[in-house]
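Work through the following exercises with the sequence and the model side by side. Each task is followed by a solution that goes step by step.

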Amino acid sequence: MNISVAQYAQMIVAAIGGIAFFLVLFRLPEKRSLAFLIILIPFQVIYTRYGSLNEILIYVAAGTYLLQGRLSRLPFLGPILLVLFVYLLAFTQSYPAARIYHVIYMIGFFSNILLFYMVYNYILRTGDWRLIVKCLLFVNLLVVGYCAIQFFAGSNRVTFFGINEFSLIPPRKDGRLVGPFNATAATAEYLTFQCLFIACLLYYRQKSKFRWAAIALITLNFLFLIATGNRGGFVTLVLATLLFLLAYRRELGMARVVKLLTAGATLFTAMAIVLVSFTEYGMLFERLEGTEIEEGVPDTRSLVWPLAWAEIVKKPILGHGPKLAISTRFEQVGSIEYVRFPHNLLLHILYTTGIVGVFAWVVFFSTLAMRLFKVRRAPVDDRELATLPRVGLLVLVVFFVSQLRIEFLRESLLDYQNYLFVLFGFFLATSDLIVAQVTQPLASRGFGKSRKPDSDQQIRSPA
């Protein structure tokens, strides 16, 4: 493993930053430190293939919270331990020359678990789930700001203070916007999730200021999603819109569903016309028009999917190791050949952790979905809290469809993984808050037998 002088310097700065953050955490309220970590997720100030500053800060914060007794709840432990155990099994199948790279990947991945539990414990202990909502909305504002600078700067790299590490990622060479996650598909998926999340909040928040701000943010998300030129992002956005209208058809009514569908389509079309007519970011529709399907496989996947499958059949049970890309185009590790990403989550899991890995992730997501499904219509007074499990289910459905064309477990998408695990922890914690509110009144009834809850209330207490 070759480490340059610049990378050594970044590691030293990251270590100093971690120590300083550790000292600050003992004086800083948990609310502010957790918000800082969430807001920082898309913006990797120091990032190398060996780790990032954000990763160090998450480990430092988790260690501090553990010392302070703030990480006392470990729900969902079975599915998480199963995923981690599968990674260890896959690690035994890796080449000796690649093991240090697999270790680095697993250390990075574990930061997702830590962030998941930090979010969960904070919400369950304080009941302040609205903090995470505010952070997600504020991060969305920063992301569209980042995209706006990319949008207008074009191929010119924007650098702050003359330091290369403090620079914004330029668009791809083909002119497509990549956003702070440095991937068109991840950025498009992120913007889709945020549109869905904001639309659900918009229904319950009637204040005109929030309404206009939310519509403006959705409009910007539309704009920059189109600018990514990502066809899968467009498809998932359409799917998310239809699922939202289907899930909330009773509350909205048929007339409002038609109005919202018409307004959304009109807004999206207007943004598309502006981009096609006045910018160079209108290639999405050209790419949609040029899409071809060869034997059921999209043209852009006709090469990488067969290549991935040819490697999968060599080690189908336990896979090749947690990290997919060991050798790169610029550096070969031992005799390991360069492997292209399959752009499909299922193939990625099969390649890295094999069939047992697929089983572990099916358990993880199905358990999460079942927990959300049980409380999707629970009778709680806070209508906004009550709707969050439904939002979580919608996000999961869109996520599964979207991952047919990208893999969130890719090592270069650690920041996006952090975002997803914040969402997972948030939805799990809010569902358990609902469980506590539903079961507590039943348990506190006085004389006689407690009334049995109906089918939607027959849910277990949070772990």
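A charge is said to sit over a ring if NZ of Lys or CZ of Arg is within 6 Å of the ring centre and within 35 degrees of the ring normal. This is a predicted model, in which local features need pLDDT of at least 70 and side-chain atom pairs count only at pLDDT 80 or more, while totals for chains, interfaces and linings use all residues. Residues are numbered from 1 along each chain as its sequence is written, and side-chain values use heavy atoms, with hydrogens and water left out.

**Exercise 1. Charges over rings**

Find which ring the charged end of Arg376 sits over, and which face Arg410 lies over.

Solution. Begin with Arg376, whose charged end is placed over the ring of Phe373 at 3.8 Å from its centre. Then turn to Arg410, which lies over the face of Phe341, 4.4 Å from the ring centre.

**Exercise 2. Aromatic pairs**

Determine how many aromatic pairs the whole structure holds, and describe the pair of Phe365 and Phe400.

Solution. Start from the criterion: rings of Phe, Tyr and Trp (its six-membered ring) pair if their centres lie within 6.5 Å, and planes under 30 degrees apart count as stacked, over 60 as edge-to-face and the rest as tilted. A search of the whole structure on this basis yields 35 aromatic pairs. One of them joins Phe116 and Tyr117 edge-to-face, with 5.2 Å from centre to centre and 85° between the planes.

For the burial of these rings, take buried as under 20% relative accessible area, exposed as over 50% and partly exposed as in between (1.4 Å probe, protein chains only). Phe116 is buried at 1%, and Tyr117 is likewise buried, at 7% relative accessibility.

Next, the ring centres of Phe365 and Phe400 are 5.5 Å apart and their planes stand at 85°, so this pair is edge-to-face. Helices (H or I, at least four residues) and strands (E, at least two) are DSSP runs, numbered from the N terminus. Phe365 belongs to helix 13 (residues 345–374) and Phe400 to helix 14 (residues 383–402), so the pair ties together parts that are 35 residues apart in sequence. Phe365 is buried, with a relative accessible area of 7%, whereas Phe400 is partly exposed at 38%.

**Exercise 3. The nonpolar cores**

Establish which residues touch the most other members of the largest nonpolar core, and which helix gives the most to this core.

Solution. A nonpolar core is a set of buried Ala, Val, Leu, Ile, Met, Phe, Trp, Tyr and Cys residues joined through side-chain atoms within 4.5 Å. The largest nonpolar core has 137 residues, and Met118, Trp361, Phe408, Tyr416 and Phe426 touch the most other members. Helix 7 (residues 184–204) gives the most to this core, namely 16 residues.

To follow one of these residues outward, count a contact as heavy atoms within 4.5 Å. With residues up to four places away in sequence not counted, Phe426 touches Val119, Ile123, Trp129, Ile132, Val133, Phe197 and Leu388. Apart from the largest core lies another, of 10 residues, among them Val339, Leu347, Leu350 and Tyr351.

**Exercise 4. Two buried helix residues**

Decide whether Ala61 and Thr352 are buried or exposed, and list what each of them touches.

Solution. Ala61 lies in helix 3 (residues 53–67) and counts as buried, at 0% relative accessibility. Leaving aside neighbours within four places in sequence, Ala61 is in contact with Phe21, Leu25, Leu37 and Met118. Ala61 and Ser33, 28 residues apart in sequence, are 8.0 Å apart in space, C-alpha to C-alpha.

Thr352 is found in helix 13 and counts as buried, at 2% relative accessibility. Among the residues that Thr352 touches, not counting those up to four places away in sequence, are Ala90, Leu318, Gly319 and Lys323.

**Exercise 5. Positive phi**

State where Asn182 and His343 are found, and give the phi of each.

Solution. Most residues other than glycine have a negative phi. Asn182 has a positive phi near 60°; it is found in the loop between helix 6 and helix 7, and is partly exposed at 48% relative accessibility. His343, also not a glycine, has a positive phi of about 55°; it lies in the loop between helix 12 (304–312) and helix 13, and is partly exposed with a relative accessible area of 25%.
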